[in-house]
Amino acid sequence: MPDTDLQQLLDAVARNTGAVLSLPSAGMLRHQKARFLAVADDGFWMECSPEDSALIDQLIKEQKPAGISFKTAQVKSVFTALLLERMNNYQVNAYTTTSAVRFQLPTSIKQMQRRSNYRVRVPAESEIMLDVWRIAPRVPIRDKPAASSRVDAKLLDISTGGIGVLFVGSNGEAPKVCCEDRLRVAITSGETDIVLEGTMRPLLPGADPMKFRTGIAFKGLDNNLEGRQSLAKLTKIVGELQRQEARRARLGTA
């Protein structure tokens with residue numbers, strides 16, 4: 001399985017992404033809504049319905065795989081994985097427990113593109129720089145923001161519609177950002193500078209308040225000439241990252 005597919009699954013687990021768990025039963029599939037919980041040494045934990053405990057125990061005993069599917073902003077991923085262990089009271093956090101099952105990592109993942117705004121991963125060694133600030137509702141997006149309004153963010157992936165980021169707290173405090181904030185997003189790649197307005201996507205339940213992955217959706221790229229110019233610059237950056245990704249895949253280093 002390509003490393004990019006595995007990393008996308010691990011990212012989904014880290015985000016506690018919602019998923020569909022399909023359990024084989026009497027020649028049919030029993031579907032249930034679930035969510036990823038945490039990465040394990042040899043796989044990952046996933047929420048399950050306590051009503052299916054007997055069926056899950058049987059699948060574990062017989063070493064039969066279950067089907068799992070989940071969606072991200074850009075693709076739908078589908079795979080099968082062996083069930084290894086079930087736990088009645090999996091500790092989600094200090095206050096919450098749930099019924100959960102541990103799965104082995106899959107050997108392959110099938111992915112289907114879901115959106116026209118293809119989101120491409122930004123490698124750790126990339127020279128693309130990101131800065132994010134919280135700004136007041138009517139402040140022009142081009143105005144220089146106060147240093148105190150800056151939010152520490154790491155760029156994970158990018159598309160012409162938005163970016164995936166990791167917000168990190170500091171000095172024992174959680175990142176000061178929420179879905180209601182108006183965000184000023186500055187992206188620099190070589191000599192290309194882009195300043196955009198964005199909003200943070202809602203966090204999934206169970207996210208770590210001190211360090212969490214989420215998305216920022218861009219606003220107003222088709223509203224005026226400046227927005228269309230920014231869109232053209234974004235398209236160029238995304239296209240170059242796609243070409244780099246394709247070259248790494250051909251070389252077997254993706």
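1. Let's start with a small loop. N16 sits in the loop between α1 (3-14) and β1 (18-25). Its backbone is worth a look: N16 has a positive phi of about 55 degrees, although it is not a glycine. As a reminder, most residues other than glycine have a negative phi. Is N16 buried or exposed? N16 is buried, with a relative accessible area of 8%.

2. Now compare a second loop. A26 lies between β1 and β2 (28-40). Phi of A26 is also positive, near 55 degrees, and this residue is not a glycine either. Its surroundings are another story: A26 is exposed, with a relative accessible area of 80%.

3. Keep in mind that this is a predicted model. The mean pLDDT of the protein is 88, and 94% of its residues reach 70 or more. Where is confidence lowest, and where is it highest? The lowest mean, 75, belongs to strand β7 (residues 110-113), while β9 has the highest, at 96.

4. On to the sheet. Eight strands make an open sheet, and walking across it you meet β8-β11-β12-β15-β14-β13-β9-β10, with antiparallel pairing. The edges are β8 (120-121) and β10 (150-151); each has a single partner strand, so one side of each is left without a neighbour in the sheet. Helix α3 (residues 225-250) packs on this sheet, touching β8, β11 (153-158), β13 (182-189), β14 (192-200) and β15. The direction of α3 makes about 100 degrees with that of β14.

5. Next, follow some of the pairings. Strand β12 (residues 162-168) and strand β15 (residues 211-219) run antiparallel and are joined by seven bridges. Here F167 stands opposite F212 in β15. On its other side, β15 pairs with β14 in the antiparallel sense over four bridges. In that pairing, E197 has K219 of β15 as its bridge partner.

6. The hairpin is a nice one to trace by eye. β13 and β14 form it with two residues between them, and G190 in the turn has a positive phi of about 65 degrees. The two strands pair antiparallel over seven bridges. One of the matched pairs is A186 with V195 in β14.

7. What about the inside? The largest nonpolar core has 26 residues, and those with the most contacts inside it are I158, I163, F167 and I187. At least two residues of this core come from each of β9 (129-135), β11, β12, β13, β14, β15 and α3. Which element gives the largest share? That is α3, with four residues.

8. F167 deserves a second visit. Leaving out residues up to four places away in sequence, F167 touches a long list of residues, among them V132, V151, P175, V177, M200, M210, F212 and I216. There is also a second, separate core of 24 residues, which includes V13, L21, F36 and F44.

9. Last, the cysteines. The structure holds zero disulfides. C178 is in no disulfide, and the nearest cysteine sulfur, that of C179, is 6.6 Å away. Why is there no bond between C179 and C178? Their sulfurs are 6.6 Å apart, which is too far for a bond, since a disulfide needs the two sulfur atoms within 2.5 Å. C178 is partly exposed, with a relative accessible area of 30%, and C179 is partly exposed with a value of 30% too.

How values were computed
Residues numbered from 1 in each chain as written. Predicted model: local features only at pLDDT ≥ 70, side-chain atom pairs only at ≥ 80, totals over all residues. Heavy atoms only, no water. Pairing = 2+ DSSP bridges. Contact = heavy atoms within 4.5 Å. Axes fitted to C-alpha atoms, helices over the stretch in contact; angles between N-to-C directions. Buried < 20%, exposed > 50% of the residue type's maximum accessible area, 1.4 Å probe, protein only. Core = buried A, V, L, I, M, F, W, Y, C linked by side-chain atoms within 4.5 Å. pLDDT = per-residue confidence, 0-100.
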